[in-house]
Amino acid sequence: MKDNIGIGSRVQHDKYGKGVVINVRSDVYVITFIDSGYKEIPVAEPLDVLDEMVPDTDMVSAYEVEQTLKKLLQRWSDISETVPLGDKWKNGKMILQPANSGLSSKEIPIDQFFNKIVLVRDRIRVMEQRINSSNLDNEEKVNLQQYITRIYGSLTTFNILFKYKEDQFVGEKGT
């Protein structure tokens with residue numbers, strides 16, 4: 001690991017351009033790049049340091065604190081989060097073409113469709129929280145939890161729409 005790259009360092013990457021280090025782990029730098037967004041860059045990969053921030057001895061980043069708080073709020077509240085749509089889909093449309101050529105196709109703005117998918121995900125999470133905090137016995141909770149996991153698995157088709165991997169649906173293989 002390079003000694004002069006800490007959280008807050010401004011860097012230049014050959015492929016991704018200029019960015020700011022938002023987390024440092026033993027094997028990767030987590031960097032938000034101006035033009036290409038969030039990337040994890042292996043520490044062995046070359047980076048030019050434009051403005052160094054010497055690493056702090058406390059290795060908990062603001063990003064990790066934010067993610068922890070976000071998970072706590074999601075778990076214990078009905079508040080839905082703002083989830084970004086992947087850039088390539090913005091202002092796009094979804095076209096549903098029936099097999100019967102005598103019927104007309106239906107166009108739906110992909111932003112509307114995406115928002116519905118996010119609402120479904122948020123409502124499943126709330127249902128999961130309510131099940132976990134209910135008076136059901138543990139066996140019933142586990143059985144219902146398995147159904148929820150399968151629902152998430154069924155929705156993984158829509159992961160292509162999400163901008164960030166951590167917002168995606170995860171089924172049984174991801175647990």
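Let me begin with one residue, H13, which is buried at a relative accessible area of 5%, where buried means under 20% relative accessible area, exposed means over 50% and partly exposed lies in between, with a 1.4 Å probe and protein chains only. Before going on, I should say that this is a predicted model, in which local features need pLDDT of at least 70 and side-chain atom pairs count only at pLDDT 80 or more, while totals for chains, interfaces and linings use all residues. Residues are numbered from 1 along each chain as its sequence is written, and side-chain values use heavy atoms, with hydrogens and water left out.

Where does H13 sit? H13 belongs to strand β1, residues 10–13, and here helices (H or I, at least four residues) and strands (E, at least two) are DSSP runs numbered from the N terminus. If we set aside neighbours within four places in sequence, H13 is in contact with F33, I41, E45, P46 and L47, a contact being heavy atoms within 4.5 Å. For one of these, I41, the C-alpha atom is separated from that of H13 by 9.2 Å, although the two residues are 28 residues apart along the chain.

In a regular strand the side chains alternate between the two faces of the sheet. Strand β1 shows such an alternation, since V11 and H13 point to one face and are buried, whereas R10 and Q12 point to the other face and are not buried.

Now to the partners of β1, keeping in mind that two strands pair if DSSP finds at least two bridges between them. With strand β2, residues 17–24, β1 runs antiparallel and is joined by four bridges; R10 has V20 as its bridge partner there, and a hairpin of three residues connects the two strands. With strand β5, residues 48–51, β1 pairs in the antiparallel sense over three bridges, and in that pairing V11 has V49 as its bridge partner.

Another hairpin is formed by β3 and β4, with three residues between them. Strand β3, residues 28–33, runs antiparallel to β4 and is joined to it by six bridges, with T32 standing opposite Y38 of β4.

Strand β4 also leads us to the second largest pocket, to which it gives three residues, the largest share of the lining. A pocket, on a 1 Å grid over the protein atoms alone, is an open set of points where a 1.4 Å probe fits, with protein on both sides within 12 Å along at least five of seven lines, and lining residues have an atom within 4 Å of a point. About 230 Å³ of space lies in this pocket, a volume being the space filled by probe spheres set on the grid points. Its lining includes F33, Y38, D87 and K163.

Which residue has an unusual backbone angle? Most residues other than glycine have a negative phi. N91, however, has a phi near 65°, a positive value in a residue other than glycine. N91 lies in the loop between α1 (62–76) and β6 (93–96), and N91 counts as exposed, at 76% relative accessibility.

Finally, the chain as a whole: there are three helices and seven strands, following the pattern β-β-β-β-β-α-β-β-α-α along the sequence, and buried residues make up 30% of the 175 residues. Among contacts between residues at least 6 apart in sequence, 47% join residues at least 24 apart.
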